[in-house]
Amino acid sequence: MITIIAAIGRDNAIGRNGDLAFHLRADMQHFKELTTGHTVVMGRKTFDSLPKGALPNRRNIVITRNPDFTAAGTERAASLDEAIAMAAGEEIFIIGGGEIYRQALPLADRMELTLIDADTPDADTFFPAIDPTRWRKLTATTPATDESTALTYTFQTYHRF
């Protein structure tokens, strides 16, 4: 199973200046609960944005064209296809960035999205458009508000059909 996991603003923003567009405590906890014990696949820029390097208790595969890339706790793949082949038979979570999401969208079985009711005018990285003829929303939580940012969000699960 290939699952895309992302936090997305109303304008499809996911990042700015090499960092996430949004930092919500509940979203980070949700991400950790879903991905712990599984394989996470990310682009090199996403890896570089992680404050402590490789995510603990997960297999970390970093996609980069640099054959000399090494980082503690990671494995290198030259492409998304190679990363998926490396993790064959495992549950894979695609965690970014924008180009990796774009490549993974046609391959994914499921999406776990945190939809945030906010725009990010200075965003520079965006989630690709979701084709509603290919995806069905299975679940959505009641909107909640993050205490520290006052942003409203919902967790939503989509499956390909």
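Several elements line the largest pocket of this predicted model. β1, β2 (13-16), β3 (19-20), α1, α2 (44-49) and α4 (98-104) each supply at least two residues of its lining. The largest share, seven residues, comes from α1. The pocket holds about 1400 Å³ of space. Its lining counts 49 residues, and the closest to the pocket centre are K45, T46, S49, L50 and I95. By type, the lining residues divide into 19 nonpolar, 17 polar and 13 charged.

**Helix α1**

Helix α1 spans residues 25-35. Which of its residues are buried? They are A26, D27, H30, F31 and T35. Seen down the helix axis, these buried residues fall within an arc of 150 degrees, so they line one face of α1. The face turned away from the buried side carries R25, K32 and E33, which are exposed.

What covers the buried residues of α1? The cover includes the strands β1 (2-9), β4 (39-43), β7 (92-94), β8 (110-116) and β12 (152-160). Just after the helix, G37 takes a positive phi of about 85 degrees.

**G15 in strand β2**

Strand β2, one of the elements that supply the pocket lining, contains G15. Is G15 buried or exposed? G15 counts as buried because its relative accessibility is 4%, and the cut-off for buried is under 20%. Leaving aside neighbours within four places in sequence, G15 is in contact with L20, A21, A123, D124 and T125. G15 and L151 are 136 residues apart in sequence. In space, their C-alpha atoms are 16 Å apart.

**Salt bridges**

Side chains of opposite charge can pair when their charged atoms come close. How many salt bridges does the model have? The count comes to ten. The table gives three of the pairs.

| Pair | Closest N to O distance | Place of each partner |
|---|---|---|
| D48 and R44 | 2.4 Å | both in α2 |
| E91 and R110 | 2.9 Å | E91 in the loop between α3 (80-86) and β7, R110 in β8 |
| R102 and E99 | 2.4 Å | both in α4 |

Take the α2 pair. D48 and R44 lie four residues apart, about one turn of the helix. D48 counts as partly exposed at 47% relative accessibility. R44, at 32%, also counts as partly exposed.

The pair in α4 sits within its own helix too. R102 and E99 are three residues apart, about one turn of the helix. R102 is partly exposed, with a relative accessible area of 47%. E99 is partly exposed as well, with 40%. Elsewhere, salt bridges that share partners join R10, D117 and D119 into one network.

The side chains of E91 and R110 also meet in a salt bridge. What does this pair tie together? E91 lies in a loop and R110 in a strand, so the pair ties together parts that are 19 residues apart in sequence. E91 is partly exposed, with a relative accessible area of 25%. R110 counts as buried, at 15% relative accessibility. The strand that holds R110 is β8, and β8 is among the elements that cover the buried residues of α1.

How values were computed:
Residues are numbered from 1 along each chain as its sequence is written. This is a predicted model: local features need pLDDT of at least 70, side-chain atom pairs count only at pLDDT 80 or more; totals for chains, interfaces and linings use all residues. Side-chain values use heavy atoms; hydrogens and water are left out. Buried means under 20% relative accessible area, exposed over 50%, partly exposed in between (1.4 Å probe, protein chains only). The arc is that of the directions from the helix axis to the C-beta atoms. Contact means heavy atoms within 4.5 Å. On a 1 Å grid over the protein atoms alone, a cavity is a set of points where a 1.4 Å probe fits but cannot get out, and a pocket is an open set with protein on both sides within 12 Å along at least five of seven lines; lining residues have an atom within 4 Å of a point. Grid points are joined across faces, edges and corners, and a volume is the space filled by probe spheres set on the points. Ala, Val, Leu, Ile, Met, Phe, Trp, Tyr, Cys and Pro count as nonpolar, Asp, Glu, Lys and Arg as charged, and the others, Gly among them, as polar. A salt bridge is a side-chain nitrogen of Lys or Arg within 4 Å of a carboxyl oxygen of Asp or Glu.
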